[in-house]
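These are my notebook entries on a few helices, one cysteine and one pocket. I record each item as I looked it up.

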Amino acid sequence: MKNEINKIAILGSGVMGSRIACHFANIGVQVLLLDIVPREVSKAEKAKGLTLESPAVRNRIVNDSLQAAIRSKPSPLYRKEFANAIATGNFDDHMKDIEGCDWILEAVIENPDIKRKIFDQVEKHRRPGTIVTSNTSGIPIQMMAEGRSDDFQAHFCGTHFFNPPRYLRLLELIPAEKTSEELLGFLTHYGDLMLGKTVVRCKDTPAFIANRVGIYGIMDLFHSMEKLGLGVEDVDKLAGTVMGRPKSAVFRTCDVVGLDTIVHVSRFLYDKCPDDSERNTFQIPPFIEKMVENNWLGDKTGQGFYKKIKGSDGKSEILALDLKSFEYKPRGKTRFKALEAAKQEDDLRKRLRILASADDEAGAFYRQSFYNLFHYVSHRLPEISDQLFPVDLALRAGFGWELGPFELWDALGVSETADKMEKAGKKPAPWVLNMISAGKDTFWKHKDGARAYFDTSAGDHKAVPGQGDLIFLDTRRESTVWKNSGADLVDLGDGILNVEFHTKMNTIGGEVVEALNKAMDIAEKDFRGLVVANEGQNFSAGANLAMIFMFAVEQEFDEIDLAVRTFQQLNMRIRCCGVPVIVAPHGMSLGGGCEMSLHADQVQAAAETYTGLVEFGVGLIPGGGGTKEFVVRFSDELQPGDIELNTLRNRFLTIGQAQVSTSAKEAFDLGVFRKGIDEVTVNRDRLILDAKRAAINMAEEGYVSPKPRKDIRVLGKSGLGMIHAGANAMLAGHYISPHDKLISEKLGFVMCGGDLSAPTEVSEQYLLDLEREAFLSLCGEKKTLERIQAILTTGKPLRN
């Protein structure tokens, strides 16, 4: 078995094929993307004198599909340039080229006859030992393997990616009868380490695991919402982030996926699962049939459960479908007592208990949804999986649930909920009742620093296979060294200490600053390295803006000066700490979170890290050393012969335009991460482990802490002239407001080292003092306070 993939052939360039191609390009694999030859020449091609023999015509379908994928939002690529790794062609002319590929992945339409013909061609051209997989979402894998050569069958299985493959982390592996265990082991390892996937091995059952359970959940809501008297907006309000599900909840998700897709999978499951006790749930309710008949399929047809229109004032408005009148109506305010009570609780598990115990219609919705789901998954074992852990992993990674079904059941209390389910006519499967009778009261527990699931065959908890070396902070609470209300310091072992934030949105306030300083005190005395990482949805949304706003309104500028000075000193201490400091951002890492990364010895970032200095958007400049650090990097990256003003301009615009990377790879382009120093982890589950290893490596190489710099080149008035001229031109052209011009000039003053008469070298502290003075002066501006207030109240920036 090959232990690396240098080139992959992807057969089929539809929505999935083209996006899977992009994700392999993201990790540096060369891709050959093929599709069919068009049957006829288009009008545009005919006008150019092209024929069916012209390469541009023969590759039109694959090229158009790839370009549509590249243009789509959110982008399937970490960087647009990564598309250069994808070569395109067609089945007729280029199928022979798959001979040079290490992996052949079929992603054509879900039609067994078409797939069979494709595999006939694959058999003719593949080298023995080449991996062959199908991206089917439901066609039996064994059926596709039958009749093939022994070598083909040994190297063949299903690889079900979820759309969009860059963002949804699930990869379901489905073996056929003769699939080699070696192949499955390799793909499990490769999917985890290289593709960043949660790899779940599935049985060859209809729709496998995630879609079987996820579509059941959606269809169950379709059937039950009318009985509960709930509308589209009601359900989306109840079934979104408040219960640990994606913001798109149910109906917005259906619009994105396409109602026709939901209906197709549901009908497939109804036909193929005659023995499923809940089979009737997969029947299509009348209102869905009517929507399909009207071609109201969601985003692809311009309307579904929601419809976007432009009002008479030219502004966009989103209407929601009233399922009683079948008319689109303006979205209203949805209020439930349960939500009012739950929104005060940040802990998801505690919040779920509040929701499930509420005595209003929302509480009834949650109880019915939860009981039906728990009943369904408990009775699907061992049909779809021998153990419960693949079910939870699949729903988390494939549908974006924060808690899988069995984790959710744990949160509500297994025994107590089982009793309530039985009274509601939804008795759990016998194995659950046996588990409870044996005194086992949870499906999941922490055991020896690892996550352990209840093994139904052993009757006890076992560690999840393949996760032995991963670090999950929630399993290491007994290793907490120190904590306060905003952060925990956790011993990761091997002489490495971790700082974990757990404030709201992981914002940086006094408690986080205290914890970081305490961590460095302890680490310098008793450890050899420090990691800053957490397991929240985002690394950090930045500094506590509410606190800054309160001080500014009350004109407590001494308090603001102290807060900014303290944060600057913290980041400089991170820079000069006596042990290596590794910052491991993921998700949003904005403002102060970004500034912390800028001062680390090394950043170990998750691939999905969206980072940048965004303070300009609220009328400020980066005040925690971020502006200073961009000047340091401007000075360091200057090469003989460089035009200094151009380099300064690029650094200035990154802050002045509040640019945020759309991936960790793009953060290198913005100059936030450093090439040759900072690293990227594709699988988020491996992030803390990789950061720990980086700290160990740095310590073992003989770490020497850096000293504050005094050799930073700044341009003085020559740089200021360029910035002022640019700001004046932008204002004259009505591209920026007078307040934007003021912020630009303040930012430029700091980045040029003040109005020095000539380029010179200055210290970091000199720049920090300028930065802090500019930040304080902008806090006194009325327009700045209006911008901060808009962000705090609406979450949206204000242009003034």
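Which residues of H27 are buried? I worked from a predicted model throughout. In H27, I listed Thr647, Leu648, Arg651, Phe652, Thr654, Ile655 and Gly656 as buried.

**Entry 1: helix H27.** I located H27 at residues 644-656, a run of 13 residues. From first C-alpha to last, H27 reaches 18 Å, close to the 18 Å expected at 1.5 Å a residue. I then looked up the packing partners of its buried residues and found three helices: H26 (626-637), H30 (717-732) and H31 (738-751). After the helix I noted alanine 658, which has a positive phi near 50°.

**Entry 2: cysteine 779.** I placed cysteine 779 in helix H32, which covers residues 764-779. Is cysteine 779 buried or exposed? Its relative accessibility is 1%, and the cut-off for buried is under 20%, so cysteine 779 counts as buried. Setting aside residues up to four places away in sequence, I recorded contacts of cysteine 779 with Ile548, Ala552, Phe557, Ile560, Leu620 and Leu785. For one of these, phenylalanine 557, I also looked up the separation from cysteine 779: 222 residues in sequence, but 8.2 Å in space from C-alpha to C-alpha.

**Entry 3: helix H33.** I turned next to H33, residues 782-794, to which Leu785 belongs. H33 has 13 residues and spans 18 Å between its first and last C-alpha, close to the 18 Å expected at 1.5 Å a residue. I noted Thr784, Leu785, Arg787, Ile788 and Ala790 as its buried residues. What do these buried residues pack against? I found H23 (545-553), H31 and H32 as their partners. H31 also appeared in the packing of H27. Just after H33, I recorded a positive phi of about 80° at glycine 795.

**Entry 4: the second largest pocket.** I looked up the volume of the second largest pocket and entered about 1,000 Å³. Its lining comprises 39 residues, of which Ala541, Gly542, Ala543, Asn544 and Leu545 are the closest to the centre. Which elements each supply at least two residues of this lining? I listed the helices H22 (510-526), H23, H24 (557-576), H25 (592-598) and H33, together with strand S20 (587-590). By residue class, I entered the lining of the second largest pocket as 23 nonpolar, 14 polar and 2 charged.

Terms used. Residues numbered from 1 in each chain as written. Predicted model: local features only at pLDDT ≥ 70, side-chain atom pairs only at ≥ 80, totals over all residues. Heavy atoms only, no water. Helix = DSSP H or I, 4+ residues; strand = E, 2+ residues; numbered from the N terminus. Expected span 1.5 Å × (residues − 1). Buried < 20%, exposed > 50% of the residue type's maximum accessible area, 1.4 Å probe, protein only. Contact = heavy atoms within 4.5 Å. 1 Å grid on protein atoms, 1.4 Å probe; cavity = no way out; pocket = protein on both sides within 12 Å on 5 of 7 lines; lining within 4 Å. Points joined across faces, edges and corners; volume = space filled by probe spheres on them. Nonpolar A, V, L, I, M, F, W, Y, C, P; charged D, E, K, R; others polar.
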